[in-house]
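Trainee: I am new to this structure and would like a close look at a single part of it. Could you take me through that part slowly, together with what surrounds it?

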Amino acid sequence: MAADVKDDNQPYDEINITPMLDLAYVLLVTFIIMTTASVQGIKVEVPRTEAAASLAKPQTRAITITREGNVFLDAYPVDMEQLEMRLAQYKAQNPSLPVVLKGDAEAQYEKVMEALEVCKRLDITEVGLVTKRGQ
């Protein structure tokens, strides 16, 4: 019995670092998830304008048209038929679906018009064109 008390009062020979490693592991996993979860959009050079209001709204869908004429819906490549089908699905879920069109300044104008026609056919009335503020 006396030997047990003596053992408790002795200094530790080693430090238990398991809880600290668990914390470090959780922080590492959290960092990895947060950095990979942020969706990177397709980078395009948008035209500049003097007055540009923010169009960001919850559930806003983004149509991006690159310089090469590739079309993306929320960073996923689509053709015009897929674009219309997916926008129709979103429109069914949200009748006042807001859409922003982000076309590269050097994008094919025909592709931009096709995307606008898809929005018109689906009766999507909240369509915004993304621009940059001029310097």
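Mentor: What follows is a walk along helix 3 and then outward to its surroundings.

This is a predicted model, in which local features need pLDDT of at least 70 and side-chain atom pairs count only at pLDDT 80 or more, while totals for chains, interfaces and linings use all residues. Residues are numbered from 1 along each chain as its sequence is written, and side-chain values use heavy atoms, with hydrogens and water left out.

Helices (H or I, at least four residues) and strands (E, at least two) are DSSP runs, numbered from the N terminus. Helix 3 covers residues 80-93, and its end C-alpha atoms are 20 Å apart, which agrees with the 20 Å that its 14 residues should span at 1.5 Å a residue; the expected span is 1.5 Å times one less than the number of residues. At the N-terminal end, helix 3 is capped by Asp79, which has a side-chain oxygen 3.2 Å from the backbone nitrogen of Glu81.

For burial, the terms are these: buried is under 20% relative accessible area, exposed is over 50%, and partly exposed is in between, with a 1.4 Å probe and protein chains only. Met80, Leu83, Leu87 and Lys91 are the buried residues of helix 3. Seen down the axis of helix 3, these buried residues fall within an arc of 65°, so they line one face of the helix; the arc is that of the directions from the helix axis to the C-beta atoms. An α-helix has 3.6 residues a turn, so residues three or four places apart point the same way. On the other side of helix 3, the exposed residues are Glu81, Ala92 and Gln93.

The buried residues of helix 3 pack against strand 2 (61-65), strand 3 (71-73), strand 4 (76-78), strand 5 (98-103) and helix 4 (109-121), where contact means heavy atoms within 4.5 Å. In the loop between strand 3 and strand 4 lies Ala75, which has a positive phi of about 75° although it is not a glycine. Ala75 counts as partly exposed, because its relative accessibility is 25%.

Tyr90 has the charged end of Arg61 over its ring, 3.8 Å from the ring centre; a charge sits over a ring if NZ of Lys or CZ of Arg is within 6 Å of the ring centre and within 35 degrees of the ring normal. Asn94, in the loop between helix 3 and strand 5, counts as buried because its relative accessibility is 15%. Its side chain makes a polar contact with the side chain of Gln59, at 2.9 Å; such a contact is a pair of N or O atoms within 3.5 Å, and within protein one must be able to donate a hydrogen and the other to accept it, while residues adjacent in sequence count only if both atoms are side-chain atoms.

Helix 4, one of the elements that helix 3 packs against, has 13 residues and reaches 18 Å from its first C-alpha to its last, close to the 18 Å expected. Its buried residues are Val112, Ala115, Val118 and Cys119. They cover an arc of only 120° around the axis, which puts them on the same side of helix 4. These buried residues pack against strand 2, helix 3, strand 5 and strand 6, whereas the face turned away from them carries the exposed residues Tyr109, Glu110, Lys120 and Arg121. Just after helix 4, Asp123 takes a positive phi of about 60°, and Asp123 lies in the loop between helix 4 and strand 6.
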